[in-house]
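Biologist: Could you take me closely through one part of this structure, the surroundings of a single core residue, and then work outwards from there to the elements that frame it?

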Amino acid sequence: MLNYDEIKNLAKIKADDMYYISCYLNVDPVENVKGDYLIHIKNMLKKASENLAKDIRKQIMPDIRKIDSYIVANKRDFKKGLAIISSAASGFWWESHFSAGFRNEIVVDKLPYIKPLLNIIDTFRRYAVMIIDKESARLFAVHLGEIEEYREIYTENVPGRHKKGGWFSLAERSFERHIDYHVELHIKDVIKQLERLLESGDITRLVIGGTEEALSMAKSLFPKQISGKIIGTFSVTMSAPGNEVLFRVTPVIEAYERREKEDTIELLMTKTMKNENAVLGIDNVLSALQEGRVMKLLFVKDYKTHGFSCARCGFLTSQMAAECPFCKNPMQKVDYMIDLAAQKAIEQGAAFEVVHDNEQFEKAGAIGAFLRY
Ligand SMILES: [Zn+2]
């Protein structure tokens, strides 16, 4: 599955004279009945090659043929989105399948075009989901629009669950030592497995589901380092199939992310205003990147702007410049300025967030960054 390191490896590729073709394709079987995307993709590839200068087209033709036959041969494995980056001239091929679709896009450039990947990885973060009841619990990982069941936990011998309003209310009565013991045993089991999942999946956010009673119980017995990771709760039956769990948990995650993003942008605005290690606007972001100070980059999803780039040292500027102020190399006009900026940020190990519909942020420059110092 796509992760930050994989994107970082793509971002690290240095431009030489070889061209890369980056394809983001919508191969959703629901939207593409009878596989008519095959014809559509063939046409798109043809069109993309026709628009290229002769020498570039000559270099990229083997890639186009390779992508074409890949798509025909692998159509059965497709999910909803398909990303392919290829440069036969550099001996490079990368592909990835996604449960979320892309807007069809083909870019030929001297570097891989990775912005759609940034959007997808930021939109679909990794979450742990747990549903819990009296004696059992199920753990899931949610990522890139998919849910995967990780483990089912069943703690035997939880006594007293048929008496006096059930197991959860009993736990509040501290004199029932015997029952507390089993409750704690179950919760301890759950915590152990949960910690394992959070650690192995590098997950920092958790959503829990169950009855109201079960949820408040679990919350009160969890240690702080786990309860602090809970971003929301939902109600669900214990035997719900995975896709139903995903269906119920998705709105909880979406609401959390909306809130979180709004808070982040507000913080960015305030910090910029106070001049506290934050900047807004393309020029300020580019100079912070040049100095290696960017900790987290934020940009509006479809924001595009032109600029100039030095192919030798990677200097980027939005200002018209004939030669690079650092290495005196002639500057080249580039169309994918935000993509290059994001690529540079990731190469430096910075985090990123893709912003959707935030008028305030768009007016303030549509790009900004929290700085390391
Ligand atoms: Zn330079």
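Modeller: This is a predicted model, and a good place to enter it is Ala-342, which touches Lys-115, Leu-118, Leu-297, Phe-299 and Phe-352, leaving aside residues up to four places away in sequence. Ala-342 also belongs to the largest nonpolar core, a set of 72 residues in which Val-285, Leu-297, Phe-299, Ala-341, Ala-342, Ala-345 and Ala-369 have the most contacts. Helix 11, spanning residues 337–347, gives the most to this core, with 7 residues, and the core draws at least three residues from each of domain 1 (4–122) and domain 3 (277–371). A second core of 26 residues is separate from this one and includes Ala-128, Met-130, Val-183 and Val-190.

Staying with helix 11, its axis and that of helix 10 (residues 282–290) come within 10 Å and cross at roughly 30°, and the crossing is left-handed. On the side of helix 10 the contact is made by Val-285, Leu-286 and Leu-289, and on the side of helix 11 by Ala-341, Lys-344 and Ala-345; of these, Val-285, Ala-341 and Ala-345 are also among the residues with the most contacts inside the largest core.

The strand side of the picture can be followed through strand 11 (residues 294–300), which pairs with strand 16 (residues 367–371) in the antiparallel sense over 5 bridges, with Lys-296 standing opposite Phe-370. Strand 11 pairs with strand 15 (residues 351–355) as well, here in the parallel sense and again over 5 bridges, and in this pairing Phe-299, one of the contacts of Ala-342, stands opposite Val-354.

Turning to another sheet, an open one, 4 strands lie in the order 3-2-1-4 with antiparallel pairing. Strand 3 (92–98) and strand 4 (105–109) stand at its edges, each with a single partner strand, so one side of each is left without a neighbour in the sheet. Neighbouring strands here are turned by 5° against each other on average, direction ignored. Within this sheet, strand 1 (residues 20–26) and strand 2 (residues 81–87) pair in the antiparallel sense over 6 bridges, and the bridge partner of Ser-22 in strand 2 is Ile-85. Helix 3 (residues 54–74) packs on the sheet, where it touches strand 1, strand 2 and strand 4, and its direction makes about 140° with that of strand 2.

Notes. Residues are numbered from 1 along each chain as its sequence is written. This is a predicted model: local features need pLDDT of at least 70, side-chain atom pairs count only at pLDDT 80 or more; totals for chains, interfaces and linings use all residues. Two strands pair if DSSP finds at least two bridges between them. Helices (H or I, at least four residues) and strands (E, at least two) are DSSP runs, numbered from the N terminus. A nonpolar core is a set of buried Ala, Val, Leu, Ile, Met, Phe, Trp, Tyr and Cys residues joined through C-beta atoms within 7 Å. A residue is buried if 20 or more other C-beta atoms lie within 10 Å of its own, exposed if 12 or fewer, and partly exposed in between; C-beta atoms are placed from the backbone. Domain bounds come from an automatic or database domain assignment. Two residues are in contact if their C-beta atoms, placed from the backbone, lie within 7 Å. Axes are lines fitted to C-alpha atoms, for helices over the stretch in contact, and angles run from 0 to 180 degrees between N-to-C directions. A crossing is left-handed if the near helix is turned anticlockwise from the far one by less than a right angle, and right-handed if clockwise.
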